[in-house]
Amino acid sequence: MHETDMTKALILTVRDWWESQPDRPNITKIHLMVGQFTCVEPAGLQFAFEVQTRQTFLENAALVIQDVPLVAFCHPCQQEYQPEIGRQYACPTCQAPMDDIRSGRELKIDRIEYDGAEVGNLTPNPATTR
Ligand SMILES: [Zn+2]
């Protein structure tokens with residue numbers, strides 16, 4: 001996935017919400033959950049966000065990235081485990097290959113802070129979802 005496109009989708013989602021607010025609030029922070037298994041570089045995302053929000057309604061907003069660890073579930077062992085990204089994608093107990101990912105693929109807005117309040121569970125812009 002490409003950070004520039006991800007950032008565009010993110011900004012569109014936030015803008016949809018912002019434009020639906022009658023008072024056009026001053027957004028201060030966007031909390032983003034980024035799974036470790038999305039292959040998105042947080043630093044690249046920060047940079048793209050900074051570039052794309054220049055002289056926009058998000059110019060003063062900060063992007064706060066929360067890492068979501070990769071967690072998989074092993075059915076034979078009935079347990080969750082954390083695969084080692086780039087090294088070992090199998091259950092540490094029985095070596096079964098990873099086939100059930102429980103978290104780590106998220107890429108979503110957790111919440112937005114604005115004018116001393118916050119909002120969560122934003123619905124992504126339909127045009128930007130696959
Ligand atoms: Zn196992």
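Trainee: What joins strand β1 to strand β6, and how do the two strands run?

Mentor: There are 7 bridges between β1, residues 27-35, and β6, residues 107-114, and the two strands run antiparallel. One example is V34, whose bridge partner in β6 is L107. Please keep in mind that this is a predicted model.

Trainee: What makes β1 and β6 count as paired strands?

Mentor: Pairing requires at least two bridges. Since 7 bridges join β1 to β6, the requirement is met and the strands are paired. In general, strands of a sheet pair through backbone hydrogen bonds.

Trainee: Which strands form the open sheet, and in what order?

Mentor: The sheet has 4 strands, ordered β2-β1-β6-β7, with mixed pairing.

Trainee: Why are β2 and β7 called edge strands?

Mentor: Each of them, β2 (62-68) and β7 (117-120), pairs on one side only. Across this sheet, neighbouring strands are turned by 20° against each other on average, with direction ignored.

Trainee: Which strands does helix α2 touch, and what angle does its direction make with that of β2?

Mentor: Helix α2, residues 42-52, packs on the sheet and touches β1 and β2. Its direction makes about 160° with that of β2. An angle over 145 degrees counts as roughly antiparallel, so α2 is roughly antiparallel to β2.

Trainee: Which residues of α2 are buried?

Mentor: They are L45, A48 and F49.

Trainee: How do you know on which side of α2 they lie?

Mentor: These residues cover an arc of only 100° around the axis, and therefore they are on the same side of α2. The face turned away from that buried side carries the exposed residues A43 and V51. The cover over the buried residues of α2 includes α1 (3-19), β1 and β2.

Trainee: What is the angle at which the axes of α1 and α2 cross?

Mentor: The two axes cross at roughly 55° and come within 9 Å.

Trainee: Why is α1 called oblique to α2?

Mentor: The angle of roughly 55° is neither under 35 degrees nor in the range 65 to 115, nor is it over 145, so α1 counts as oblique to α2. The crossing in which α1 passes α2 is right-handed. Its contact is made by E3, T4, M6, T7, K8 and I11 of α1 together with G44, L45, A48, F49 and Q52 of α2.

Trainee: What makes the phi of R24 worth noting?

Mentor: R24 has a positive phi of about 40°, yet it is not a glycine. Most residues other than glycine have a negative phi. R24 is placed in the loop between α1 and β1.

Trainee: How do you know whether R24 is buried or exposed?

Mentor: A residue is exposed if 12 or fewer other C-beta atoms lie within 10 Å of its own. R24 has 11 such neighbours, so it counts as exposed.

Trainee: Where does D115 lie, and what is its phi?

Mentor: D115 lies in the loop between β6 and β7. Its phi is positive, about 40°, although D115 is not a glycine. With 11 C-beta neighbours inside 10 Å, D115 counts as exposed.

Trainee: How many helices and strands does the protein have, and in what order do the elements run?

Mentor: The protein has 2 helices and 7 strands. From the N terminus on, their order is α-β-α-β-β-β-β-β-β. Of the 130 residues, 20% are buried.

Definitions and conventions: Residues numbered from 1 in each chain as written. Predicted model: local features only at pLDDT ≥ 70, side-chain atom pairs only at ≥ 80, totals over all residues. Axes fitted to C-alpha atoms, helices over the stretch in contact; angles between N-to-C directions. Contact = placed C-beta atoms within 7 Å. Arc of directions from axis to C-beta. Left-handed = near helix turned anticlockwise from the far one by under 90°.
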